[in-house]
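Grab a pencil and work through these exercises one at a time. Try each task yourself before you read its solution.

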Amino acid sequence: SVLLEELPKFVVDEAKLVARLSANENPYGPAPKVVHAITNAVISGNRYGHGDAATLIDMIAEKEGVTPDHIMLGPGSTDLLEKTAIVRFKEGGNVVSADPAYMSLINTAQSMGGSWKPVPLMKDFSHDLDKMTEAVDKETKLVYICNPNNPTGSITDAGKLKKFCDKVSVKAPIFVDEAYLEFMDNPASQSMVSLVREGKDVMVARTFSKIHGMAGLRIGYLVATPERIKNISSMVRGTMGLCVTSLQGAIASMKDEAFLTDCKHKNQECRAYTMSSISALGYEIIPSVANFLIFPIRMDGQEFLKEMYDSGVGIRVFNIGDKPWCRVSMGTMDEMKLFVSTFKKVTA
Ligand code: PLP
């Protein structure tokens, strides 16, 4: 079985790092137009942001081709992953997901008394949709799909995933986490939002933390059927956790297509450079469509982590299948060059 466990993180002041490549952030954000919008928004900080939230919801609804009652906002998609888990697992049940997967929703489901039914990824690191279909039973309260997946960066074919969601959503709601989707070309064709439009019991989470470069500003959203949105927000509210600055920043960012395209291209360049430099050293990297890469290393995970941090380069180490793996987020090209040279020094 594939066990995913994050090694205890080496305690360090992240601000002292020369290159922070540990949390899949976007080194270029927020866009200058977003900074301008946020600066201007500070003055409205004495008022609640209900009006701005309504404006942002309208913009998102239009982009996704749904009516505004299909959208719920949250301070980051973590908030929506966890709130969904709180509502779905308040009476227990199980969550079916891939392994390894992003653990936020699964951890909350387990804290609520739910259990996790992990299904190992296939050899090509896509979801094993047949095994996941078999794993769904009467106790399944939610199926969680992270596509592209974290920590692997791998993608599951959109056509196959749509068929799976179509069939399985009759038995249990499906939550598709698309945090990294916009790093791909033509993301709309890869998204599961079309199923929500068809009225299927599918929830899609998106975030402004990644391609928009707004991780510290905390905005994300959920696209789901109006019934699901009502069901979740009857217990926990979305917009009350949001501030006017982030809302107006997100509104400005949605209008700045040029910035988003530029971030995508820079990410692709850095990923290709890092992939070829590390592969040339004989390491096998999982092909990634996201803003990070992961590969098994050949030294002790803790020691590797400490030496990288001591050299000013922050990365993450995961234990997968009892082996340490290095996950490196894409920074600027200069930061990636520093990562490669530091990696060579540390592993020499
Ligand atoms: N989903 C995935 C797959 C992630 O990797 C992350 C963050 O790294 C999140 C959700 C949460 O992001 P945020 O809460 O910043 O939207």
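**Exercise 1. Find what surrounds Val223, then decide whether Val223 is buried or exposed.**

*Solution.* Start with the contacts. If you skip the neighbours within four places in sequence, Val223 touches Glu64, Val66, His70, Ile71, Val193, Val196 and Val204. Next, place the residue: Val223 sits in strand 9, which covers residues 220-223. Now count. Val223 has 28 C-beta neighbours inside 10 Å, and the cut-off for "buried" is 20 or more. So Val223 counts as buried, because its count is 28.

To finish, try a distance. Val223 and Met330 are 107 residues apart in sequence, and their C-alpha atoms are 27 Å apart in space.

**Exercise 2. Work out how far you can trust the coordinates.**

*Solution.* Remember that this is a predicted model, so check the confidence scores. The protein's mean pLDDT is 95, and 96% of its residues reach 70 or more. For the complex, the predictor reports an ipTM of 0.99 and a pTM of 0.96. One caution to keep in mind: where pLDDT is low, predicted coordinates shouldn't be read in detail.

**Exercise 3. Split the protein into domains and describe how domain 1 meets domain 2.**

*Solution.* First, the bounds. Domain 1 is made of 4-28 plus 258-347, while domain 2 runs over 32-254. Their C-alpha centres lie 25 Å apart.

Second, the contact. Here 21 residues of domain 1 meet 18 residues of domain 2. On the domain 1 side, the elements giving two or more residues are helix 11 (257-279), strand 10 (292-296) and strand 12 (316-320). Helix 11 gives the most, with 4 residues.

Third, sort that side of domain 1 by class: you get 13 nonpolar, 5 polar and 3 charged residues.

**Exercise 4. Say which residues come nearest to the ligand and which classes make up its shell.**

*Solution.* Begin with the whole group: 13 residues lie around the ligand. From these, pick out the nearest ones, Gly76, Ser77, Thr78, Thr207 and Ser209. Then sort the shell by class, which gives 8 polar, 4 nonpolar and 1 charged.

**Exercise 5. Look up the annotated domain and describe its secondary structure.**

*Solution.* Go to the record first. The unreviewed UniProt entry lists residues 20-340 as "domain: Aminotransferase class I/classII large". Now look at the model over residues 20-340: the chain is 41% helix and 18% strand. Last, check the ends of this stretch, where the C-alpha atoms are 14 Å apart.

Technical notes:
Residues numbered from 1 in each chain as written. Predicted model: local features only at pLDDT ≥ 70, side-chain atom pairs only at ≥ 80, totals over all residues. UniProt positions renumbered as here; feature names shortened; annotations may be inferred. Domains from an automatic or database assignment. Contact = placed C-beta atoms within 7 Å. Nonpolar A, V, L, I, M, F, W, Y, C, P; charged D, E, K, R; others polar. pLDDT = per-residue confidence, 0-100. Near = placed C-beta within 6 Å. Buried ≥ 20, exposed ≤ 12 C-beta atoms within 10 Å, placed from the backbone.
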